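Here is a short tour of one structure, with an eye on its charged pairs and one of its sheets. Take a look at the model first, and then read on.

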Amino acid sequence: MSKLSSTNVNGSARFVIEGEGANTIFKVDDLGDIYAWKTLDREEKSIYHLQAQIFDKKTNKQLEPTSEFEIKLNDINDNAPRFTHNIYNGSVKEMSKPGTSVLQVIAVDPDDSSVSGHARVMYSIIKGGEKFRIDLNTGIITSSNMLDREQQKTYELIVRAKDMPGYEGGFSSTASVIITLEDINDNVATFTKKQYTLSVLEDRPIGSEAGMLQIEDKDEPQNTNPVFSFVKRDFRGLFDVVSDNITKNAVIVLKQLLDYEKVKTYTMEVEVTEKTTVPPGKRDPQVNARAMVFLNVLDVDEPPVFQRPSYFFSIFENASLGTHVGSVFASDPDEAQKTVRYSINGGNVVTINRDSGSIKTSNNLDREMNAWHNVTITAVEDGPGGKESTVSMFLKVLDINDNYPKLDYEYDLFVCANARPGKVIQTIAASDKDEMTTGQKLSFYLDHAHSNFSLVDNHDNTANITLKQGGFNPDEKKTYFLPVVISDNGRPQLISTYTLEIVVCGCDANAEAEPYSCRGAYVQTGVSVHALTVILLCILAILVITLLIVMRRKFKKDSLVSLGKSSGEIHEQLVSYDEEGGGEMDTNGYDVSVLNSVRHSSMRPRPEAQPGPCLYATVQKPVAKGGMAVMIEVKKDEADHDRDGIPYDTLHIYGYEGSESLAESLSSLESASSNSDMDYDFLNDWGPRFKTLAELYGVDGAENGYEY
């Protein structure tokens, strides 16, 4: 409680406070006494700032200026120290010296540190402190003994923090501390057994694993660094022993290929050593540092083995068929020693004896076509499921001088009519398909001396054609022939002769020949070889195009004819009848009125419609002036000028029999509408059998006294 006082205060004064906690936590009465109405906690708020005022109750007038004051809370030890963590984790390497710092624990007391003992903290280990110590004031935990991870990996401590040290009572709290020992390489590796038996196939490749020897090391794998070696040096060329990257076990690796037929079992002694961080006097004695290893080689059915990894032979070209080239040999490395058969895969230049491996030529050899032949030879063990192996044979074809020298180009030679002596007209070059070794060359010379030209050998497989004397007369000789001889220096020596044509031409401003002005054979044609080639190709293209057009038209015409024939066949099928009628007396087999309607309808005008094929084309009788020939010409002219008609054959039935026929037309379809003045009354005289025919021709039977 606090009290507000004033010299001018009497019973008529009223006190008012404002600020932190005013009228809530703190209240003032009429006498100016201030009371706390709630429980106060210094650790939450230790000082409150307020203002006080005095007013007259009657006039409500402020009697004194506003004054400020503070309320401070005095601390009592009502809080226990609090650790920053409930559980602390620390680590230290094993075998560390005593006194090595592990970690620090921290506890904080929220009470007032200015009050003696309220906020001071003292640390202690209440559980698991046999191997560790803790500083009472700082909370630093250190090791008190040399620790071995292989004996115990972790330690759990319980530490306490207490305030009011040296006084009875006070508050305290606890926290857990877990300490882990870090591993170091303080133990040596040892073999788990004193001897190992391993087996490996003889066909294992170099560098592969032959077997593994298991070891044990109390240290963790990252701190296990064993070193393995053979006690005797005899096996260092055959095997190697290394440490596995993951398991650290000893691995025996092949450095050479194994052969069951030569050695079936290897006996070796392996030793393991390791450098540790602990002096030998302070670590456990090493046991099983050596182990005996028995390595058994297992037999494998191996393919035949050739005496050489590859074979090289040579033979001269043009050798006769069946010439011996060489021999290959392969054997079965297994104890069975099976018979080996030989064959050649691909190629047709040589053959091989399947039993002996002797190789002979089977085709003509030409070095200029192929100087090398690569052949694959296969060796197979005789018997079912026999193993096979292959080897490469390289055959070199040696050269003989069997090709004549040849000019590299077909030279067109021209010379200016006014050229001076010594002028080089052309440099010619030649080559030889035969092998040109060092010192071999081609020689050039003239078959006989020429009066106008000379040939100079450049000794590099080329020669210059040079003008001896110039001043050609245009009215004299136009073309000269130069016989050039080319020889090689092979054995036997081969010689080629070429006759080069040199044409005299006009000259340009630089006294060089102008081929287009030549007055030889080149001028007479007036066209170069290249131009003639282009012209011939153009003519050939025109002929091919013309031929294609003609073939296309013919194909189109044949298609139309085929269409017409097929249509005609349909018409014929429509008018073909296989049923024979009963004669004149059969009046029930068909309707005669239909035939009359067809006959009369054929005389109607034809409506405008698209032309099409008809069953029977109606043919009008031509005027009897020229007979049948005139009628045919009329119909032919109609067909030629009918642009709407379909171009295929149509079956026509003509009623006109010709002007010389007494019976004229035999058709009865248009007899009623014809201009004939023939009397058909005689049909009545033929009796009842011709009654139907008489009706078709309009003959009245009643008029003639017949009753039907």
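A salt bridge here is a side-chain nitrogen of Lys or Arg within 4 Å of a carboxyl oxygen of Asp or Glu. The model you are looking at is predicted, and by this rule it holds 11 salt bridges. Three of the pairs, among them, are set out below.

| Pair | Closest N to O | Separation along the chain |
|---|---|---|
| Glu20 and Lys45 | 3.6 Å | 25 residues |
| Asp183 and Arg149 | 2.9 Å | 34 residues |
| Asp399 and Arg367 | 3.1 Å | 32 residues |

Let us start with Asp183 and Arg149. Asp183 sits in the loop between strand 15 (172-182) and strand 16 (190-191), while Arg149 lies in the loop between strand 13 and strand 14 (154-163). Both residues are buried. They also belong to a network of salt bridges that links Arg149, Glu150, Asp183 and Glu220.

Asp399, in the loop between strand 33 (388-398) and strand 34 (406-407), reaches Arg367 in the loop between strand 31 (358-361) and strand 32 (372-381). Arg367 counts as buried because its relative accessibility is 14%, and the cut-off for buried is under 20%.

Glu20 counts as partly exposed, at 31% relative accessibility, and Lys45 is partly exposed at 31% too.

Now for the sheet. Three strands form an open, antiparallel sheet in the order 9-13-12, with strand 9 (101-104) and strand 12 (132-134) at the edges. The twist from one strand to the next averages 20°. Strand 12 is joined to strand 13 (residues 140-143) by three bridges, and Ile134 stands opposite Ile141 in strand 13.

How values were computed: Residues are numbered from 1 along each chain as its sequence is written. This is a predicted model: local features need pLDDT of at least 70, side-chain atom pairs count only at pLDDT 80 or more; totals for chains, interfaces and linings use all residues. Side-chain values use heavy atoms; hydrogens and water are left out. Two strands pair if DSSP finds at least two bridges between them. Helices (H or I, at least four residues) and strands (E, at least two) are DSSP runs, numbered from the N terminus. Axes are lines fitted to C-alpha atoms, for helices over the stretch in contact, and angles run from 0 to 180 degrees between N-to-C directions. Buried means under 20% relative accessible area, exposed over 50%, partly exposed in between (1.4 Å probe, protein chains only).
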